[in-house]
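Here is a guided walk through one protein chain, taken a few residues at a time. Keep the picture open as you read and look up each residue when its turn comes.

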Amino acid sequence: MTTPDTPSLVERRPHEQRWFLRLGGRDHVATTSGRLTTHVELRRDGELLLHKDTLETRTTLTCDEGAVPGLEADLRRTRTGRVKRVTLRIDGREVDLEPEAGSPAARRLTRERRHPWAYASLDVLVAVVGVLLPLLGIGALIKLLLAPVIAWLLGLLPDWHLPRIPWPDIDWPDIPWPHLDFSWIPDWTPPWWFIWFFDHLGQVKPVLFALVIAVYEVRRRRRQDREKKDLEALEREELLERLARAMQQVAGGSARAGERDHETGPTHLRPVDTDRSAVGRDDLVDDRQTQP
């Protein structure tokens, strides 16, 4: 989807990016700026609809009921504060705005479209590294290196001698729980991978979650590309329809003008008032004779 050229004379904010979408014959432009705190604005045909400052990785902006009911904009940021995408939701349709050509978001989107699975696997790789670091003992090594620093910081704190609270010693009675016989359950030894999976479920869960998110993002990107192609085709059809109606109006005006000419006759073939023409010629002859 093509994006309009951005005027170079407009003063921009730090880390400003622009996102474009033409939907329903209206131009939607989103502007994001800032890194730690992201300021986002959404305009439609130059009219400001939404604006907000956010620190969250995901923010949803809802338009007021009096302006455009049902219009929502969804902003996604990375953990470092960079804007990943801006999504517009209206009339049951969810479409991503196209980033401005040459912007960091546009380059990121181009890489994502060229290598969808390789780009989506980055989150999986980060999750795998986060699991392997504790298993390889790197976390313990970091703690060992930071131990002197932590001990030095704790030494700067004052030594508090708090009194000991004499908690009461209560002799609770034993509850006679019933004895349950589970001898009827067959003896089953699970396979090693089953035991390993549940022993390391805390480490495996982030990897599985990242894998599910990666597959979802790839499918979502393909669905958004198809949605934008359908919008472009619909916009071309509407443009052709408007052009056909304009041509029909021009052709209808020409036909009506032809009918009027047919009824009254062309101008150069209309009858001339002979009396007025003769009088004009006589006056012209008299003027020429009176001249010296």
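Let's start with a bit of vocabulary: strands here are DSSP runs of E of at least two residues, and they are numbered from the N terminus. With that in hand, find Leu23, which sits in strand S1, covering residues 17–23. One thing to keep in mind from here on is that you're looking at a predicted model.

Is Leu23 buried or exposed? The cut-off for buried is under 20% relative accessible area. Leu23 has a relative accessible area of 14%, so it is buried. If you skip the residues up to four places away in sequence, Leu23 touches His28, Leu88, Ile90, Arg93 and Leu231. You can also hop from Leu23 to Arg44: they're 21 residues apart along the chain, and their C-alpha atoms are separated by 9.8 Å.

Now step back for the whole chain. It has six helices and nine strands. Of its 292 residues, 23% count as buried. The protein chain exposes about 23100 Å², with carbon and sulfur atoms supplying 60% of that. As for how the chain meets itself, take the contacts with a separation of 6 or more: residues 24 or more positions apart account for 40% of them.

Next, have a look at Asp45, in the loop between strand S3 (38–44) and strand S4 (47–54). What is the sign of the phi angle of Asp45? It's positive, at about 55 degrees, although Asp45 is not a glycine. Asp45 comes out at 43% relative accessibility, so it counts as partly exposed. Leaving out residues up to four places away in sequence, Asp45 touches Arg26 and Asp27. With Arg26 there's a polar contact too, joining the two side chains at 2.4 Å. Gly25 is another residue to find from here: it's 20 residues from Asp45 in sequence and 9.7 Å from it in space, C-alpha to C-alpha.

Time to move on to Thr87, which you'll find in strand S7 (residues 83–90). Thr87 counts as buried because its relative accessibility is 1%. Setting aside neighbours within four places in sequence, Thr87 is in contact with several residues, among them Glu72, Ala73, Asp74 and Asp96. Arg220 is also in contact with Thr87, and their side chains make a polar contact (3.4 Å).

Right after Arg220 comes Arg221, so slide over to that one. Arg221 is found in helix H5, which spans residues 201–264. Why does Arg221 count as buried? Its relative accessibility is 9%, and that falls under the 20% cut-off. The side chain of Arg221 makes a polar contact with the side chain of Asp96 (3.4 Å). Not counting residues up to four places away in sequence, Arg221 touches Asp96, Leu109, Glu112 and Arg113. So Asp96 turns up twice on this tour, because contact means heavy atoms within 4.5 Å and Asp96 is on the contact lists of both Thr87 and Arg221.

Helix H5 also leads us to the largest pocket, which has a volume of about 1100 Å³. Of the 38 residues that line this pocket, the closest to its centre are Lys84, Arg108, Asp123, Ile213 and Glu217. Which element gives the largest share of the lining? That's H5, with 10 residues. Other elements that each supply at least two lining residues include strand S6 (72–77), S7, strand S8 (93–96), helix H1 (104–114) and helix H2 (116–135). Sorted by class, the lining has 17 nonpolar, four polar and 17 charged residues.

One last stop is Glu100, in the loop between strand S9 (98–99) and H1. Glu100 has 11% relative accessibility, so it counts as buried. Its partner for a final hop is Phe20: the two are 80 residues apart along the chain, while their C-alpha atoms are separated by 7.1 Å. Phe20 falls within the residues of strand S1, which brings us back to the strand where the tour began.

Terms used. Residues numbered from 1 in each chain as written. Predicted model: local features only at pLDDT ≥ 70, side-chain atom pairs only at ≥ 80, totals over all residues. Heavy atoms only, no water. Helix = DSSP H or I, 4+ residues; strand = E, 2+ residues; numbered from the N terminus. Buried < 20%, exposed > 50% of the residue type's maximum accessible area, 1.4 Å probe, protein only. Areas by Shrake-Rupley, 256 points an atom, 1.4 Å probe, with all protein chains shown as cover. Polar contact = N/O pair within 3.5 Å; in protein donor to acceptor, adjacent residues only side chain to side chain. 1 Å grid on protein atoms, 1.4 Å probe; cavity = no way out; pocket = protein on both sides within 12 Å on 5 of 7 lines; lining within 4 Å. Points joined across faces, edges and corners; volume = space filled by probe spheres on them. Nonpolar A, V, L, I, M, F, W, Y, C, P; charged D, E, K, R; others polar.
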